[in-house]
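Here are a few short exercises to work through with the model open beside you. Try each task before you read its solution.

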Amino acid sequence: MKKLLLLISMVTVFSWQQARADEGMWTLYNLPWAVYEQMKAEGFEMPYNALYKGEGALKDCVVNFSGFCSGVVVSPDGLVFTNHHCGFESIRSHSTVEHDYMLNGFYAKTYAEELPNENMFVSFMIDQCDITDRINAIAKAKGIEESKWDEIIDSLENVMNDSVKNIDKTYHLEIAAFYERNKYYATTYQMFSDLRLVFTIPKSMGKFGGETDNWMYPRQTCDFAVFRIYADPKTNGPAKYSAENVPYRPKRWAKVSMDGYKEGDFAMTIGYPGSTNRYLSSFGIQERRDAENAVRVQVRGVKQQIMKRHMDASEAVRIKYDSKYAQSSNYWKNSIGMNKCIDSVGIVNLKRGHEAKIRDFQEKTGFLKGELDIDELGRLYKKRFETKRAMTYFFETFYRSNELVSRSLKVNSMHVEMQGSDDKPEKQYCVLADNSKEWDAPLDKEVLAALLKNYRGHVQEKYLPEFYATIDKKFGGDYAKYVDFLYKKSVLMKNGKKLYVNKKNFHKDLAVSMGIDILAELAVMSAEISDINEKIDRQEKLLCAAKLRMEEDMPHYSDANFTMRLSYGQVGGFMLNGSPTGYYTTAESILEKMKRANEVPDYYAEPIMHELFSKTDYTPYSDKTTGKMQLCFLTNNDITGGNSGSPMFNGKGELIGLAFDGNWDSLSSDIYFDTELARCIGADIRYVLYMMDKWGHADRLLKEINAQ
């Protein structure tokens with residue numbers, strides 16, 4: 001009998017390994033032993049505790065980079081590698097027409113030349129633990145229904161923050177939901193806000209291939225930038241920017257390897273994947289495709305066409321909008337690719353098949369009987385579809401698209417610091433900071449007029465904010481005329497002017513009233529589906545719970561939520577249009593693209609770059625096995641947005657690359673991981689070092705990194 005049970009156990013584990021070996025974004029503190037054993041079987045050589053618990057664990061060199069990317073510490077003096085596109089806004093903000101670091105690159109030859117950045121930081125994860133039982137106990141004791149659990153979580157987060165600050169006042173704690181809110185984990189972080197730009201290559205290399213190659217393979221992009229963490233000179237702890245701060249001395253930094261990799265080698269990423277929805281129902285996927293992705297593609301296509309035209313016409317405008325355009329176009333193309341994959345792979349039907357198995361399981365076991373109702377879930381999604389679609393148009397049109405609307409929403413939401421007398425409301429005022437260097441009026445005006453018209457053309461009349469009546473009555477339906485009037489007449493566009501927000505004439509301003517109308521319409525739409533949202537969230541949670549119970553013999557990872565995760569797999573290519581891709585690209589391949597710059601502007605590179613990639617000898621940066629200068633490589637590691645800048649480690653925990661993208665066939669990975677096609681694209685660390693050496697002549701940094 002014991003032998004039979006052992007055999008069944010081995011078959012179960014083996015089946016799981018075969019089906020899921022490379023899928024998963026695993027939390028490190030409770031990494032399933034079966035996952036660790038599989039990692040070892042594929043070539044991982046470190047002890048279990050060396051990942052999370054041990055002194056100088058590998059997690060201690062990986063950072064959350066500014067809340068939207070990942071990074072890795074690579075020196076005893078706090079040097080951090082991340083992607084060029086993660087440092088894009090920093091590079092852009094330091095650039096001028098006279099000193100265009102975006103165009104020409106930047107290298108700080110001394111500590112004194114390293115450039116500080118506002119609103120940037122890195123965070124180290126200190127600890128993580130499961131507090132689900134604690135939350136459930138509080139809710140039960142106080143009789144608080146699940147829809148009100150945010151109150152419990154906020155209160156508990158405050159209490160736990162007090163506790164961790166007793167350990168170290170520079171710590172802070174965050175509680176996040178896992179497994180569709182079936183679990184809650186508390187994570188302790190230490191954040192450093194004095195982060196300085198040290199090195200960046202020209203945009204021609206850091207963004208080589210541009211939108212032409214984005215989400216594509218083969219790739220040759222040298223997507224990296226270098227920053228340094230600064231700390232309090234007395235404590236080596238976090239400190240606000242000060243000229244007195246010194247380079248941070250980390251507990252752990254990654255060893256940078258010159259050994260390279262070969263096909264089939266173990267590869268692992270550790271980073272901060274942003275958001276996935278792999279437990280999402282078939283109904284949720286349909287909504288994602290038709291009410292979100294399709295809308296995002298349409299609106300951003302209108303906006304980006306205008307932005308690109310203005311950027312191409314002016315170098316000054318290009319500098320202002322490079323980062324904005326890149327952010328917009330990235331998920332524009334992502335949405336296109338995801339929808340294509342949803343249909344080509346048939347993900348909706350795959351999900352329906354799995355939901356049928358859950359129905360059978362529920363009928364046989366009675367699990368969640370009377371609670372989980374998959375048919376009702378479908379009806380709820382259908383009921384909210386049109387409003388959800390309109391809300392996507394709404395947010396894509398009115399939020400983060402335009403300076404005037406941003407100011408209007410800001411003053412009406414009171415996201416500005418009020419000044420004046422507290423006991424005399426009419427004397428209270430705010431002043432909008434002069435950020436005219438950040439945007440361009442002709443571009444901004446044309447985008448707003450186009451988006452206002454576009455919004456009206458795609459949503460039902462009931463979703464139009466009140467100001468559309470003003471456009472019709474006072475401006476004859478002419479959107480450009482309306483926008484021109486706002487920019488010329490509104491007090492919101494007069495930088496430095498005191499805005500007395502409680503006076504009647506303030507609310508008569510058409511730009512101010514536009515913001516009021518936008519917020520009012522948002523409130524109406526939100527109220528319309530608030531109850532439906534709660535019911536859908538509840539059913540999605542129960543659906544996930546049923547899946548976990550049905551497959552309780554298998555390890556399961558939670559959806560990404562920008563907490564630290566590990567993914568693992570192997571170096572290797574895939575079949576593209578019937579042919580193998582290979583697993584790396586070479587100097588010859590980038591040179592070939594550079595020569596096509598006349599037909600593909602995204603392949604432009606300066607003459608020095610042509611020279612650097614026309615060599616016959618790249619020692620010591622060439623691969624010892626192939627003899628080639630390898631640029632980018634493929635693994636089947638499981639990544640998503642937020643993983644940009646994640647370190648790619650070999651089996652010894654040594655740094656071999658920086659993750660920066662996925663391939664076109666991976667764009668459905670947020671909702672479904674295709675083990676055959678999904679790939680992670682990384683910049684070979686030797687490519688990074690080659691550029692630092694031969695282009696940047698960054699000898700002091702190379703010595704500090706001490707790659708071996």
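Keep in mind that this is a predicted model. We start with a pair of aromatic residues: both Phe124 and Tyr248 are buried.

**Exercise 1. Classify the ring pair of Phe124 and Tyr248, and say which parts of the chain the pair ties together.**

Step 1. Look at the distance and the angle: the ring centres are 5.7 Å apart and the planes stand at 50°.
Step 2. Compare the angle with the cut-offs: under 30 degrees counts as stacked, over 60 as edge-to-face, and the rest as tilted. At 50°, the pair of Phe124 and Tyr248 is therefore tilted.
Step 3. Place the two residues. Phe124 belongs to strand S6 (residues 122-130), while Tyr248 is in the loop between strand S11 (246-247) and strand S12 (266-271), so the pair ties together parts that are 124 residues apart in sequence.

**Exercise 2. Do the same for Tyr618 and Tyr690, then decide whether each is buried or exposed.**

Step 1. The ring centres of Tyr618 and Tyr690 lie 5.5 Å apart with planes at 65°, so this pair is edge-to-face.
Step 2. Tyr618 sits in the loop between helix H20 (607-612) and strand S19 (630-635), and Tyr690 in helix H21, so the pair ties together parts that are 72 residues apart in sequence.
Step 3. Buried means under 20% relative accessible area. Tyr618, at 7%, counts as buried, and Tyr690 is buried as well, at 2%.
Step 4. Now widen the view to helix H21 (residues 685-695), where ten of the eleven residues are buried. Among them are Arg686, Asp693 and Trp695. Following H21 comes His697, with a positive phi near 50°.

**Exercise 3. Describe the surroundings of Ser329: which residues is Ser329 in contact with, leaving aside its neighbours within four places in sequence?**

Step 1. Find Ser329 in helix H10 (residues 315-345).
Step 2. Check its exposure: with a relative accessible area of 0%, Ser329 is buried.
Step 3. Beyond those sequence neighbours, Ser329 is in contact with Glu211 and Gln304.
Step 4. Look at the side chains: those of Ser329 and Glu211 make a polar contact at 3.0 Å.

**Exercise 4. Find charged ends that sit over the rings of Tyr230 and Tyr321.**

Step 1. Over the ring of Tyr230 sits the charged end of Arg196, 3.6 Å from the ring centre.
Step 2. Over the ring of Tyr321 sits the charged end of Lys324, 4.9 Å from the ring centre.

Conventions:
Residues are numbered from 1 along each chain as its sequence is written. This is a predicted model: local features need pLDDT of at least 70, side-chain atom pairs count only at pLDDT 80 or more; totals for chains, interfaces and linings use all residues. Side-chain values use heavy atoms; hydrogens and water are left out. Helices (H or I, at least four residues) and strands (E, at least two) are DSSP runs, numbered from the N terminus. Buried means under 20% relative accessible area, exposed over 50%, partly exposed in between (1.4 Å probe, protein chains only). A polar contact is a pair of N or O atoms within 3.5 Å; within protein, one must be able to donate a hydrogen and the other to accept it, and residues adjacent in sequence count only if both atoms are side-chain atoms. Contact means heavy atoms within 4.5 Å. Rings of Phe, Tyr and Trp (its six-membered ring) pair if their centres lie within 6.5 Å; planes under 30 degrees apart count as stacked, over 60 as edge-to-face and the rest as tilted. A charge sits over a ring if NZ of Lys or CZ of Arg is within 6 Å of the ring centre and within 35 degrees of the ring normal.
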